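Where does this protein model leave empty space, and which residues line that space? The explanation below goes through the pockets and cavities in turn.

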Amino acid sequence: MKWVRYYQPNHQVGRMFRRAMVVTLIGNLLLAGIKIAAARLSGSSAIYSDAVNSISDVLYSILLIVGLWISQQPPDMSHPQGHSRFEPFTALIVTISMTIAGVEALRASIQRAMEGGAAIPLGISLLALVVSMLIKAVMYAIVHRISRQTASPGLDAVAKDNLSDVVTSLAALLGIVGSNFISPLLDPLAGVAVALWIFKAVYGTAKENLGYLTGAGADEDVRNRILDSVKDVPGLEDVHHIVTEYAGPKLVVEMHINVDGNKTLNEAHAICDQATERLEALPEVDRAYVHVEPLGYL
Ligand SMILES: [Zn+2]
Ligand SMILES: [Zn+2]
């Protein structure tokens with residue numbers, strides 16, 4: 001008797017995860033350093049908000065390294081289907097650190113706005129923000145590609161965060177330019193905009209990962225591809241019931257199929273195995289259970 005699922009370690013995925021996490025951790029440490037220095041030198045609320053955002057990015061990079069490492073551990077008696085749920089669980093913890101960053105950015109910006117704001121020196125601020133945007137754009141390109149190749153929601157959240165950080169730095173930059181030429185209040189207002197953008201990212205990440213943990217179903221596009229994948233299995237006459245559920249970042253699929261009732265068990269079992277194989281070949285599917293019934297059964 002075997003009590004733990006069949007498992008083949010995927011070293012390639014492990015390698016890609018490591019590359020993505022090294023890029024993310026080093027990049028975020030570098031950015032936090034640049035922005036903290038620039039915020040102190042310039043006295044800008046907008047850059048301060050952006051710096052707080054980067055510090056929270058460093059925290060989540062570390063959490064995600066731990067989470068991805070645990071999720072890659074082979075299935076064992078404690079978790080016979082594997083540890084993949086640790087990945088969305090970690091992503092959810094990350095949203096807590098993002099929320100704290102958003103609250104701190106909002107608090108500091110509102111306080112500065114009530115003090116009237118200030119015209120922020122341009123040289124050091126603009127240099128720091130443009131360099132930050134370039135670094136984040138490169139990080140986005142690298143992590144986005146790896147998240148596609150590995151179908152990892154954790155890395156997808158990181159990629160989206162990288163892209164949104166380009167936008168927050170751009171908002172800070174516009175606020176600082178505006179504080180010189182339009183009104184000193186534009187700097188703290190840009191800080192508020194950065195904070196709101198952080199909250200928007202929190203909402204999106206929390207919603208998606210809560211779905212992975214609570215058994216959300218597949219969207220319509222994936223449902224259609226599930227049905228299409230078994231359509232031309234020889235001997236499979238009909239499909240009449242499909243239930244999908246996220247168990248971690250990937251789906252469990254239950255499918256009822258109809259075959260000719262006069263086939264032998266060997267023949268019916270072969271059809272069933274082929275359908276299972278096709279389903280499990282889909283990148284979104286972790287495992288599939290196919291129930292075989294004679295024609296006419298529901
Ligand atoms: Zn079998
Ligand atoms: Zn049925």
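What follows describes a predicted model, beginning with its pockets, then a pair of packed helices, then the enclosed cavities.

Rolling a probe the size of a water molecule over the atoms shows where empty space is left. In this model the largest pocket has a volume of about 1,100 Å³. It is lined by 32 residues, and those closest to its centre are Arg5, Tyr7, Gln8, Lys250 and Asp286. Three elements give two or more residues to this lining: helix 1 (11-42), helix 4 (122-150) and strand 3 (285-294). Of the elements, strand 3 gives the most, with five residues. Sorted by class, the lining of the largest pocket holds 14 nonpolar, 12 polar and six charged residues. The largest pocket lies between domain 1 (11-214) and domain 2 (220-294), because both domains give residues to its lining.

The second largest pocket holds about 430 Å³ of space. Its lining has 20 residues, and Ala151, Asp156, Glu208, Tyr212 and Glu284 are the closest to its centre. At least two lining residues come from each of helix 4, helix 5 (153-181), helix 6 (186-214) and helix 7 (220-230). Helix 4 therefore appears in the account of both pockets, being named for the largest pocket and again for the second largest. By class, the lining of the second largest pocket has eight nonpolar, four polar and eight charged residues. Where does the second largest pocket lie with respect to domain 1 and domain 2? Both domains give residues to its lining, so the second largest pocket lies between them.

Helix 1 and helix 5, named above among the lining elements of the largest pocket and the second largest pocket respectively, also pack against each other. Two packed helices are described by the angle between their axes and the distance between the axes. For helix 1 and helix 5 the angle is about 25°, and the axes are 12 Å apart. Angles under 35 degrees count as roughly parallel, so helix 1 is roughly parallel to helix 5. The crossing in which helix 1 passes helix 5 is left-handed.

The next spaces are cavities, from which the probe cannot get out. How many cavities of 30 Å³ or more are there? The count comes to two.

The largest cavity holds about 50 Å³ of space. Its lining is made up of Asn53, Ser56, Asp57, Met98, Asp161, Ser164, Asp165, Thr168, Trp197, Ile198 and Ala201. Helix 2 (45-71), helix 5 and helix 6 each supply at least two of these residues. Helix 5 gives the most to the lining of the largest cavity, with four residues. By class, this lining divides into four nonpolar, four polar and three charged residues.

The second largest cavity has a volume of about 40 Å³. Gln81, Gly82, His83, Ser84, Arg85, Ala247, Asp286 and Arg287 line it. One of these residues is nonpolar, four are polar and three are charged. Domain 1 (11-214) and domain 2 (220-294) each give at least three residues to the lining of the second largest cavity. Asp286 belongs to this lining, and Asp286 is also among the residues closest to the centre of the largest pocket.

Conventions: Residues are numbered from 1 along each chain as its sequence is written. Chains are lettered from A and ligands numbered from 1 in the order in which they are written. This is a predicted model: local features need pLDDT of at least 70, side-chain atom pairs count only at pLDDT 80 or more; totals for chains, interfaces and linings use all residues. Side-chain values use heavy atoms; hydrogens and water are left out. On a 1 Å grid over the protein atoms alone, a cavity is a set of points where a 1.4 Å probe fits but cannot get out, and a pocket is an open set with protein on both sides within 12 Å along at least five of seven lines; lining residues have an atom within 4 Å of a point. Grid points are joined across faces, edges and corners, and a volume is the space filled by probe spheres set on the points. Ala, Val, Leu, Ile, Met, Phe, Trp, Tyr, Cys and Pro count as nonpolar, Asp, Glu, Lys and Arg as charged, and the others, Gly among them, as polar. Domain bounds come from an automatic or database domain assignment. Axes are lines fitted to C-alpha atoms, for helices over the stretch in contact, and angles run from 0 to 180 degrees between N-to-C directions. Angles under 35 degrees count as roughly parallel, over 145 as roughly antiparallel, 65 to 115 as roughly perpendicular and the rest as oblique. A crossing is left-handed if the near helix is turned anticlockwise from the far one by less than a right angle, and right-handed if clockwise.
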